[in-house]
Structures are given as structure tokens and as C-alpha cells.
Amino acid sequence: QVQLVESGGGLVQAGGSLRLSCAGSGRTLSSYTMGWFRQAPEKEREFVAAIGWGTTYYADSVKGRFTISRDNEKNMAYLQMNSLKPEDTAVYYCAARVGPHVRNNYHYWGQGTQVTVSS
């Protein structure tokens, strides 16, 4: 079983930056694809970014502003978010799946961390 715990959320002004972290435990995650998703109030959860099997993926809405990375030795994944916009406000979730990225098929999820961007 894989456990994921997010951290690093908070309140930031538009144009600012935040770095989210995801700590994994229970399994070595080096062979897993790690993803970030978000859910804004009254909206469906949406894909943000993923990294795995030598490839990174980004939603169009965050390309050029967000960067996903991982440290397999530490069993960690990160999401560096720059040039934040109010529309980035959401609960951000870390997720993991066995094998390559498949947008709507992640097996493990964290509890989420709130990101609020003020205008």
C-alpha cells in the first residue's frame, strides 16, 4: 500500500510562487508515475502535471508556469508553481500509479493541500 502526504500549500498573491511537496511511503515509488491534480470549489478534479517513465506531462493551463519533479531516493515528488493566478486556487492532490501516465487512472491519492491565490 502506498501512502502520499502533500505539503507546501498556502495563501499567495497573484504572480507569486509556491512549491508543493508529496512524500510517499509504503513502497519505493521509483517505478510509479507521480501526478498532481487539483479541484476548485464546485468544479471537477482536473489533471495538472505528471512525471514518470522519463516523461513529463502538463495541462495546457499550467505549461510554462508549473514544473513537476521527483527525487526517487527520497520518495518525493514536487510541483513548483510560478506566476500563480487566482484561477489556480484549488485543493491540490498528489497521486501515484503503477506504470506510465494515464490521466484518469491513478491508484493512490493523498489528502490534498489548499492553495489560495489572491488577486
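This is a short walk through one chain, from its overall build to its disulfide, one arginine, the last strand and two loop residues.

Before anything else, please keep in mind that what you see is a predicted model, and that residues are numbered from 1 along the chain as its sequence is written.

Let me start with the whole chain. There are zero helices and 11 strands, so to speak of the order of elements from the N terminus on is simply to list β after β, as in β-β-β-β-β-β-β-β-β-β-β. The radius of gyration is 13 Å, close to the 14 Å that the globule rule gives for 119 residues, and the chain is therefore as compact as a globular protein of that length. Along the principal axes, the C-alpha atoms fill a box of roughly 40 × 25 × 25 Å. Of the 119 residues, 45% count as buried, while the chain exposes about 6200 Å², with carbon and sulfur atoms supplying 46% of that area. If we take the contacts with a separation of 6 or more, 58% of them are accounted for by residues 24 or more positions apart.

With that background, I turn to the covalent link. The structure holds one disulfide, and it joins Cys22 to Cys94, with an S to S distance of 2.0 Å. The pair links distant parts of the chain, since Cys22 sits in strand 3, residues 18-25, and Cys94 in strand 9, residues 90-98, which places the two cysteines 72 residues apart. Which hand does the disulfide of Cys22 and Cys94 have? The torsion about the S-S bond is about -75 degrees, so the disulfide is left-handed. As for solvent, Cys22 counts as buried because its relative accessibility is 0%, and Cys94 is likewise buried, with a relative accessible area of 0%.

Next, an arginine that deserves a look on the screen. Arg38 is placed in strand 4, residues 32-39, and, charged side chain or not, I would ask you first: is Arg38 buried or exposed? At 5% relative accessibility, Arg38 counts as buried, because the cut-off for that label is under 20%. Its side chain makes a polar contact with the side chain of Glu46 at 2.6 Å, and another polar contact, at 2.9 Å, connects the side chain of Arg38 with that of Tyr92. Leaving aside neighbours within four places in sequence, the residues in contact with Arg38 include Glu44, Val48, Ser61, Phe66, Glu87, Asp88 and Ala90, and both polar partners, Glu46 and Tyr92, are on that list too.

From there we can move to the C-terminal strand. Thr113 is in strand 11, residues 113-118, and Thr113 is buried, with a relative accessible area of 11%. The side chain of Thr113 reaches the backbone nitrogen of Gly9 at 3.2 Å. Not counting residues up to four places away in sequence, Thr113 touches, among others, Glu6, Ser7, Gly8, Leu20 and Tyr92, and Tyr92 is, as we saw, also a partner of the Arg38 side chain.

Strand 11 as a whole has two faces: Thr113, Val115 and Val117 make up the covered one, whereas Gln114, Thr116 and Ser118 make up the uncovered one. In a regular strand the side chains alternate between the two faces of the sheet. Which strands does strand 11 pair with, and in what direction? Strand 2, residues 10-13, runs parallel to strand 11 and is joined to it by four bridges, and among these partners Gln13 is matched with Ser118. Strand 9, by contrast, runs antiparallel to strand 11, with three bridges between them, and here the bridge partner of Val91 is Gln114.

Finally, two loop residues with positive phi. Trp53, which is in the loop between strand 5 (46-52) and strand 6 (55-58), has a phi near 55 degrees, a positive value in a residue other than glycine. Asn75, placed in the loop between strand 7 (66-71) and strand 8 (76-81), has a positive phi of about 60 degrees although it is not a glycine. The two part ways in exposure: Trp53 is exposed, with a relative accessible area of 59%, whereas Asn75, at 15% relative accessibility, counts as buried.

Conventions:
This is a predicted model: local features need pLDDT of at least 70, side-chain atom pairs count only at pLDDT 80 or more; totals for chains, interfaces and linings use all residues. Side-chain values use heavy atoms; hydrogens and water are left out. A disulfide is a pair of cysteine sulfur atoms within 2.5 Å. Buried means under 20% relative accessible area, exposed over 50%, partly exposed in between (1.4 Å probe, protein chains only). A polar contact is a pair of N or O atoms within 3.5 Å; within protein, one must be able to donate a hydrogen and the other to accept it, and residues adjacent in sequence count only if both atoms are side-chain atoms. Contact means heavy atoms within 4.5 Å. The radius of gyration is taken over C-alpha atoms; the globule rule is 2.2 Å times the number of residues to the power 0.38. Accessible areas come from the Shrake-Rupley method with a 1.4 Å probe; for residues, only the protein chains shown count as cover. Two strands pair if DSSP finds at least two bridges between them.
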